[in-house]
Every structure is written in C-alpha cells, then in structure tokens.
Amino acid sequence: MAETVNVGILGKGTVGSAFRKLLEERADMVEEVSGRRPAVSGVLSSKEGDFDEILAGSDIVVELIGGIDPALDYVMRALREGKHVVTANKQLLAQHGEELVVAAREGGAQLRFEAAVAGAIPVIRVVQESLGAVPIEKVFGIVNGTTNYILTEMARSGLSYQEALKQAQDLGYAEADPTDDVGGADAAAKMAILARLAFGAPVRLEEVPYEGIEQIKPDDLAYAKELGLSLKLLGVAERVGDGQISVRVFPCFLYPGHPLSPIEGPFNAVMVESPAITEITMSGPGAGGPETASAVLGDVVSVIAGGSPLFEENEKLDVAEDVEMAFYLHLEVEDRPGVLAKVAEVLGDNEVSVRSVVQRGRGDDATLIMVMHPVSERRFSAALERIGRLEFLRSPPRSIRVIEEEFG
Ligand SMILES: NC(=O)c1ccc[n+]([C@@H]2O[C@H](COP(=O)([O-])OP(=O)(O)OC[C@H]3O[C@@H](n4cnc5c(N)ncnc54)[C@H](OP(=O)(O)O)[C@@H]3O)[C@@H](O)[C@H]2O)c1
C-alpha cells in the first residue's frame, strides 16, 4: 500500500471545490508519479470544519479562502508546524511574502503558490525553478484577465468602458465589484510576487505604483487601431540601471510585433527577458475554478514528489523612483491660433520632446494627438500637470504609455 499524504483544504468555493474534485479524480495518477497517495483529510469553510483538527491531521494545507484574515494566521501556523502550504492567494503573498518565507524556512516546510499569478500558466515555476539561476532583466505581464477582456471588446466592437465592463460581468469575467481588477490593484499584487521571484529581492506592494483602465475612451482604441497598436493593461518589472528595479502596472500601447500584443480576451500572458534566454512567453487561461485548481494540484504534486523551490533573496536592489517611457497624449482643445505653440512650450520647458503630432477635427471637435519620445515619467507628469491648467483645454488631458519597437 502506498503511503498516504493527507491534504487539508481550507475553502470550498470556486477553486476549493474544483480542487477537491480534481484531487480525488487524479489521486491514482499522483500515486503513480510520486509513489504516495493524496487523501483529503478535512475541508474548512466559513460554516463547517475546525482548523486545528484539520491542521493536526494534514501533511499539506491548501489555502483557498482568499484575503488576509484568517488566511494569514492559518498559513503561518501551518508553516511554523512544518506543514507544507499551497495557496492561490495573491494578496497574502504580495503583502506578507517575507514573513511567510521566513516561517516556511523556520518550519522546514514548502510554500508554493503557482495559482496566485496567471492562473493555469506555470509562470511561477518557470521563473522560480527553471530560470532560478538565470539573471532576469525584465518581466512583462498581462496578469489580469478581466481588464484584458474589457480592452479587447472595446477595441473589437467599439464599446465604451462601461458597456464592455457590463458585458464582462454578464459573462462572469468580472466580479460584481470589479474595483481591484479594473483599477490595477490585482495586477500590482501579482507583479510584486513575480518581481520578487525574478530579481530575488523583496518588493513591497506599496512600492508598485499602478493605474487602471477606467479612464480609457473608445477614442484611444480607435487611435490604436489606426496605427496597428494594441492596448493592454501591462505589468512591468525590470532592472533599470545600477542596483535598481522598477515594478509598475499601467495601460499601454504595444507595437504589433510585441509578444504580448496578440493576447486577447480573458487570457493572461507573461514574457520573461534575459540575455541567457532572449525571451520566453507563456500564455493561457488566467482564472476559473478548474483552471486554477489544476495549478494548485501541480503544486501539491511538487510537494509530494519532493524537491524544494528556491527562495533565495540574493540581491540588494532599490526600487527606482523614476523611469523613462514614451507617451501618447490626447488633448481636446479650442481650435484657435497659438494652441499648439503653447502646448509645445510647456513640453519643451520640461524637456519632453515630441515625436509626432496630428490635429483631428475643427472647432468644438478639435483634438491634438501627440506621441512623445521616451522621457522621464516625472518630467512628463510635471508637463501634464501644467497642460491640464491651460485655459483652452476642453477636457482634462489623457495620456497613455507606449512601447514601440524602435524605442527598444
Ligand atoms: N476564482 C478564480 O478564478 C481564482 C483564480 C486565481 C486565484 N484565485 C484565488 O483563490 C482563492 C479562492 O478563491 P475563490 O474564487 O474560490 O473564492 P470563493 O469562491 O469566495 O471561496 C472562498 C471559500 O473560503 C471560505 N471562507 C471564507 N471565509 C472563511 C473563514 N473565515 N474561515 C473559513 N473559510 C472561509 C468560504 O466559505 P463558504 O463556502 O462557507 O462561504 C468559501 O468556501 C482566492 O485567494 C483567490 O484570489 C481564484
């Protein structure tokens, strides 16, 4: 008889119930590959089960409750007692990663969290294990399926943001309260986790500035379409000079050849760049009960099969306060002489140089669309702040970052 590995499941919601079903269906297969047979030792929900009993009877604790309280307490207690933990909880990792890693080390336990970032795509394993010894320069991610679905539909059907959001909610791609997804907070938590693994340096969630997609207008997507660009909510984690990294989330125009440009609908994708490997791009479903459960099961199998992921924090890296980016700027202006000269003067004062400018419409419809050369984000936002105060503007200025091939 194969040795039994007891798996305690915390949470029986979308992912918890899918995971339980999958674990039971795949127990024979896991036994075949690992020589040990997983069995469910207990299930906890808000209405049933006792955590202490489940903890005492489990070798592995799978946390699928979500949020911080009580998940943090349960996970910390499990790790300190030397029980391996598998979790899908990005908030827990992004906000309490360091203390969890310390607890895992002290308890001699494994902590695995493949499902916390990019659902079914094995991006954590690739960054942490396969590329564990490779110096990673940059990680680009479309790590929020809700926003990618909304932007895809806005581009495809010319829907407004509100219409596309409603459609996403009707189809189950967006929650009733979509704030964390559309505002960029969800993507920021995932990028903090990825950056920490990619650079071996602690990145706190507060150090990840983020912007969402709520302000994107059909006009912006029409412009993108005209130039063959796509618009994505992008997470970027990169080395930016001596001992510095930058981790950010923002909507961004991408040139057509960019590996993340074709990723559409509720899909996720992550691209890793390093001189050693050039680049690797992984894409797939970012959420869903069965999809997420499959990533959780993969972690459980890794724990059962033995072998420990790397948790090296090997570098002293600071988070950069400013980086360079190219920008698109959309200005609705009064159609009168001197307007363009005044905008150019403000940009010039802030050392922002213009790559292209077009005027669309006349009279009350006049719009200036400008694309800047890469510039310090700080200088660009100083210019934007001044432009926002110019009296001939008919609405607040809108800017979106641009990643174009020739800008590298
Ligand atoms: N859903 C996805 O597609 C997806 C994708 C990637 C990652 N995740 C992550 O997976 C985790 C679980 O998400 P989910 O969608 O499965 O959530 P969910 O459907 O809301 O399920 C949460 C479960 O936790 C239980 N629970 C809540 N508070 C509890 C408490 N105080 N004590 C014990 N149990 C408690 C709930 O109990 P009741 O059953 O009694 O309500 C429920 O069974 C989250 O960290 C989420 O971010 C989800």
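Begin by selecting R204 in this predicted model. With a relative accessible area of 43%, R204 is partly exposed. Now add E207 to the selection and display both side chains. The two side chains meet in a salt bridge, with 3.2 Å from N to O. E207 is likewise partly exposed, at a relative accessible area of 24%. Side chains of opposite charge can pair when their charged atoms come close.

Next, select D52 and R77. What do the side chains of D52 and R77 form where they meet? They form a salt bridge, and the N to O distance is 2.3 Å. Because D52 belongs to helix α2 (residues 51-56) and R77 to helix α3 (residues 71-80), this pair ties together parts that are 25 residues apart in sequence. Colour the two residues by accessibility, if the viewer permits. D52 has a relative accessible area of 43% and is partly exposed. R77 also counts as partly exposed, at 28% relative accessibility.

Proceed to R37 and D28. Their side chains meet in a salt bridge of 2.8 Å, taken from N to O. Is R37 buried, partly exposed or exposed? Its relative accessible area is 29%; a residue counts as buried under 20% and as exposed over 50%, so R37 is partly exposed.

For a wider view, select K138, E211, E238, R248, E377 and R401 together. These residues are linked in a network of salt bridges. The count of salt bridges for the model comes to 31.

Now change to a cartoon representation and select residues 60-63 and 84-87. The former are strand β3 and the latter strand β4, and the two pair in the parallel sense over four bridges. To locate the pairing, label I60 in β3, which stands opposite H84 in β4. Follow the chain onward from β3: it passes through α3 to reach β4, and this β-α-β crossover is right-handed. Helix α3 is also the helix that holds R77, from the salt bridge with D52 visited earlier.

Keep β4 selected and add residues 111-112, which are strand β5. How many bridges join β4 and β5? There are two, and the strands pair in the parallel sense. Here V85 stands opposite L111 in β5. Between these strands, the chain crosses from β4 through helix α4 (residues 90-107) to β5, and this β-α-β crossover is right-handed.

Finally, show the side chains along the strands while turning the view. In a regular strand, side chains alternate between the two faces of the sheet.

Notes: Residues are numbered from 1 along each chain as its sequence is written. This is a predicted model: local features need pLDDT of at least 70, side-chain atom pairs count only at pLDDT 80 or more; totals for chains, interfaces and linings use all residues. Side-chain values use heavy atoms; hydrogens and water are left out. A salt bridge is a side-chain nitrogen of Lys or Arg within 4 Å of a carboxyl oxygen of Asp or Glu. Buried means under 20% relative accessible area, exposed over 50%, partly exposed in between (1.4 Å probe, protein chains only). Two strands pair if DSSP finds at least two bridges between them. A crossover is right-handed if, with the strands pointing away from the viewer, the path from the first strand over the helix to the second runs clockwise.
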